[in-house]
Amino acid sequence: MAYPLLLCGRKAGAALGGILASNVGAVCEASARLQQLRHASSHSENTNKFLREALDRLDYPEKLQNLLLTPRREMSVELVVQMDDGQIEVFNAYRVQHNNARGPYKGGLRYHPQVDLDDVRSLASLMTWKTAVMDIPYGGAKGGVTVDPRKLSERELEKMTRKLVVAIKEIIGTYEDIPAPDMNTDAKVMAWFFDEYSKYKGFSPGVVTGKPVYLHGSLGREAATGRGTTFAIRELLKALHMGKLAEQKYVIQGFGNVGAWAAQLLWEAGGKVVAVSDVAGAVQNENGLDIGELRRHVAGGRPLSEFPGGGAIRKEDILTHPCDVLIPAAIGGVIGAEQAAQLQCKVVVEAANGPTTPEGDAVLRERGITVLPDIYTNGGGVTVSFFEWVQNLQNFKWEEEDVNRKLDRKMTDAFAALWAVHREMAVPLRTAAFVVALQRVTRAEVHRGFD
């Protein structure tokens with residue numbers, strides 16, 4: 001009975017002493033329906049399509065291309081957790097280590113019901129190129145657990161996290177592979193991770209980043225990805241001669257950590273955030289939403305769509321809402337060909353990982369809509385994670401002003417590098433970003449040798 005339950009990775013029975021066969025079919029059927037909801041295209045294949053476009057411009061031999069595209073290690077584990085009510089749940093978990101030519105593997109850990117190996121494989125690859133574009137000494141990795149964390153108590157979430165640490169502890173480490181927060185994981189989860197790992201390997205604050213500030217975390221880390229996105233938009237507007245941040249209208253899909261901080265910082269800079277959405281709904285105000293009030297509204301546990309400072313709209317319409325700058329800051333694969341044909345914006349700034357499919361990207365190019373790619377736009381998070389790691393190694397905490405200033409410099413320099421390739425090779429910004437990343441990773445691979 002246990003074997004099919006492990007395969008579908010869902011409910012494992014009513015109690016430790018007995019497993020109900022009737023649960024198996026229903027659970028696996030639910031898992032199958034979940035998979036049908038995913039996009040027909042493969043996330044990892046989408047990433048590789050973008051990569052191959054850059055590789056074609058670089059004219060790399062096929063063997064070198066395969067080396068750069070193939071992950072070094074993929075690990076799948078099952079986490080068996082006894083829930084608060086005595087039932088047993090089995091959760092599928094993954095860690096993919098893509099490339100470490102430039103430094104230790106680095107990548108977030110997400111908890112989401114749609115996580116699968118293909119998704120994690122794609123995101124691990126993106127981390128390799130993201131760290132290279134940002135020119136920080138890391139490789140790329142990613143991890144995830146197939147779970148809806150909203151259905152778990154805090155105690156159940158902690159038990160699951162600690163089970164994950166035990167399962168993967170031999171392939172992670174301060175100089176080996178350094179996880180970080182991602183979708184539905186936060187500083188609290190990273191604190192559990194650090195604590196559990198230290199039980200086996202000794203005091204190791206550098207094994208994860210994104211920890212609480214009072215527990216060896218870094219000032220500025222919480223806002224880093226949103227702040228980096230704001231710096232990225234500023235640089236793009238300058239390059240396109242579109243004016244200042246305060247002169248634009250913004251639409252943001254996703255009001256989690258990244259979307260909320262990007263909205264806050266753009267609003268503080270004088271920009272008009274005219275519409276935002278979350279998983280449950282959306283709200284708009286053509287005169288600009290008061291983001292400070294909106295964040296307090298949401299923090300109070302009230303639905304975003306019921307914010308009194310704006311009018312509710314369908315969350316499905318958020319991408320096509322008129323604006324100057326569209327910021328997808330939620331999940332991947334949301335801008336396909338159909339959606340791309342309906343966008344009413346001048347630029348798309350990818351704060352989420354992989355929000356645009358290759359088909360959608362082709363339509364946006366035809367329409368002349370500039371896309372600022374994810375591997376650069378959301379690089380602020382991993383950059384400040386690197387700053388946190390350095391502080392852990394130094395056992396010395398930096399001031400928040402230092403962190404933000406260094407992040408600004410990194411985002412500015414990275415944009416200058418990809419913009420130069422964009423102009424020199426006459427390629428889209430996405431291709432330019434991958435060219436910059438591929439050149440840096442290839443240089444490291446060649447100089448380290450292959451024996």
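Okay, one bit of vocabulary before anything else: when I say helix here, I mean a DSSP run of H or I with at least four residues, and the numbering goes from the N terminus. With that in hand, keep in mind that this is a predicted model.

Let's start with a loop. Asp59 sits between helix 3 and helix 4, the latter being 62-69. It's not a glycine, and yet Asp59 has a positive phi of about 60 degrees. Is Asp59 buried or exposed? Exposed, with a relative accessible area of 67%.

There's another residue of that kind further along the chain. Asn395 isn't a glycine either, and its phi is positive at about 55 degrees. You'll find Asn395 in the loop that links helix 14 (379-394) to helix 15 (400-425). Asn395 is exposed too, at a relative accessible area of 69%.

Now the sheet. Five strands make up an open sheet with mixed pairing, and the order is 1-2-4-3-5. Which strands stand at the edges? Strand 1 (73-82) and strand 5 (177-181); each has a single partner strand, so one side of each goes without a neighbour in the sheet. Going from one strand to the next, the twist averages 20 degrees.

Take the strand 1 edge. Strand 1 pairs with strand 2, residues 88-99, in the antiparallel sense over 10 bridges. As one example, Val80 has Val90 in strand 2 as its bridge partner. The hairpin of these two has five residues between the strands, and there Gly86 takes a positive phi near 95 degrees.

Over at the other edge, strand 5 pairs with strand 3, residues 105-112, and this pairing is parallel, over five bridges. Tyr105 has Asp177 of strand 5 as its bridge partner, and Gly108 stands opposite Ala180 in strand 5. So how many residues of strand 5 are buried? Five of the five, so strand 5 is largely enclosed by the rest of the structure.

Next, walk from strand 3 towards helix 5. In the loop between them you meet Asp116. Asp116 is buried, with a relative accessible area of 15%. A polar atom of the Asp116 side chain lies 2.8 Å from the backbone nitrogen of Asp119.

That brings us to helix 5 itself, residues 117-133, and two of its packing contacts. One is with helix 3, residues 43-58: the angle is about 30 degrees and the axes are 7 Å apart. Angles under 35 degrees count as roughly parallel, so helix 3 is roughly parallel to helix 5. On the helix 3 side the contact involves His43, Ser44, Thr47 and Leu51, while helix 5 brings in residues including Asp118, Asp119, Arg121 and Trp129. By class, that contact has three nonpolar, five polar and three charged residues.

The other contact is with helix 16, residues 429-448. Here the angle is about 85 degrees, with the axes 8 Å apart. The two helices are therefore roughly perpendicular to each other. Helix 5 contributes Leu126, Thr128, Trp129, Ala132 and Val133, and among the helix 16 residues are Phe434, Leu438, Arg440 and Val441. The class split for this one is nine nonpolar, one polar and one charged.

If you want a residue to click on, try Trp129: it's in the contact with helix 3 and also in the contact with helix 16. Leu126 appears in both of those lists as well. That's what I've got, thanks.

Methods. Residues numbered from 1 in each chain as written. Predicted model: local features only at pLDDT ≥ 70, side-chain atom pairs only at ≥ 80, totals over all residues. Heavy atoms only, no water. Pairing = 2+ DSSP bridges. Axes fitted to C-alpha atoms, helices over the stretch in contact; angles between N-to-C directions. Parallel < 35°, antiparallel > 145°, perpendicular 65-115°, else oblique. Contact = heavy atoms within 4.5 Å. Nonpolar A, V, L, I, M, F, W, Y, C, P; charged D, E, K, R; others polar. Buried < 20%, exposed > 50% of the residue type's maximum accessible area, 1.4 Å probe, protein only. Polar contact = N/O pair within 3.5 Å; in protein donor to acceptor, adjacent residues only side chain to side chain.
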